[in-house]
Amino acid sequence: MSTENLEYSEARKKMKSMVEDIKTAMMITNIGSKPVDAIPMTTKRVDTEGNIWFLSGMNSDHNGNIAKDSDVQLLYSDPKDYEFISIYGQASIVTEKDILEDLYSKVDDTWFKGEDDPNLSALKIDPKEAYFWDTKSNKYVSLFKMGVAAVTGDQKDIGEKGKLDL
């Protein structure tokens with residue numbers, strides 16, 4: 001696997017592409033404590049500045065953790081396509097009505113009582129650094145390349161990994 005470290009605009013483009021492909025992250029809060037708190041969250045959007053947006057309950061444990069310490073880690077994983085990205089960033093809780101309305105969709109009725117639910121908030125994650133692993137092809141191609149490498153002894157480039165300076 002080759003290493004490709006990317007900086008600002010290229011890093012944000014790579015991050016956005018992977019986040020939009022994978023969609024669901026394990027959001028880790030309370031990073032300074034053991035055990036950390038982790039919860040699955042579905043990405044609502046990656047904006048033009050590279051911020052990652054989620055909807056969340058104001059009374060949730062992770063909102064409480066973020067109110068005390070804004071450090072978060074997002075872990076996105078797509079094992080079927082061998083795509084993984086870990087994003088460290090700073091979270092903020094947003095309650096502006098226009099933002100909530102913009103992010104809200106009918107599927108969110110599963111967790112909230114509509115756009116006017118007083119428990120509804122948005123989480124804005126400002127990414128600072130990320131690390132990714134991406135095979136650039138599906139798992140069958142990657143497994144084939146690994147098999148060829150095992151038989152021939154030749155190393156095959158099955159993808160790329162690297163640090164994203166955001």
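**Helix α1, outer side.** I looked first at the side of α1 away from its buried residues, and there I found S9, K13 and D21 exposed, where exposed means over 50% relative accessible area, buried under 20% and partly exposed in between (1.4 Å probe, protein chains only). The model is a predicted one, so I kept in mind that local features need pLDDT of at least 70 and side-chain atom pairs pLDDT 80 or more, while totals for chains, interfaces and linings use all residues. I number residues from 1 along each chain as its sequence is written, and side-chain values use heavy atoms, with hydrogens and water left out.

**Helix α1, inner side.** I then listed the buried residues of α1, which are A11, R12, K14, M15, M18, V19 and I22. Seen down the helix axis, these buried residues fall within an arc of 165 degrees, so they line one face of α1; the arc is taken from the directions from the helix axis to the C-beta atoms.

**Helix α1, length and end.** I checked the span of α1 (residues 8–22): at 1.5 Å a residue its 15 residues should span 21 Å, and the end C-alpha atoms are indeed 21 Å apart. The expected span is 1.5 Å times one less than the number of residues. After α1 comes K23, for which I noted a positive phi, near 75 degrees.

**Whole chain.** I counted 4 helices and 10 strands in the chain, with helices (H or I, at least four residues) and strands (E, at least two) taken as DSSP runs numbered from the N terminus. From the N terminus on, I read the order of elements as β-β-α-β-β-β-β-α-β-β-α-β-α-β. Of the 166 residues, 39% count as buried. Among contacts (heavy atoms within 4.5 Å) between residues at least 6 apart in sequence, 70% join residues at least 24 apart.

**Salt bridges.** I searched the whole structure and found 12 salt bridges, each being a side-chain nitrogen of Lys or Arg within 4 Å of a carboxyl oxygen of Asp or Glu.

- In α1, K13 pairs with E10, the closest N and O atoms being 3.5 Å apart; the two are 3 residues apart in the helix and are therefore separated by about one helical turn. K13 counts as exposed because its relative accessibility is 56%, whereas E10, at 40%, counts as partly exposed.
- K14 pairs with D134, with the closest N and O atoms 2.6 Å apart, and this pair links distant parts of the chain, K14 lying in helix α1 and D134 in strand β9, 120 residues apart. K14 is buried, with a relative accessible area of 15%, and D134 is buried at 7% relative accessibility.
- K128 pairs with D126, the closest N and O atoms being 2.9 Å apart; K128 is partly exposed with a relative accessible area of 40%, and D126 is partly exposed with 26%. I also noted that salt bridges sharing partners join D78, K80 and D81 into one network.

**D117.** What is the nearest side chain of opposite charge to D117? I located D117 in the loop between α3 (97–103) and β9 (120–134), and found that D117 is buried yet has no salt bridge, the nearest side chain of opposite charge, K113, being 5.9 Å away. For charge, Lys and Arg count as positive and Asp and Glu as negative, with His and the chain ends not counted. I did find the backbone nitrogen of K113 2.8 Å from a polar atom of the side chain of D117.

Technical notes:
Polar contact = N/O pair within 3.5 Å; in protein donor to acceptor, adjacent residues only side chain to side chain.
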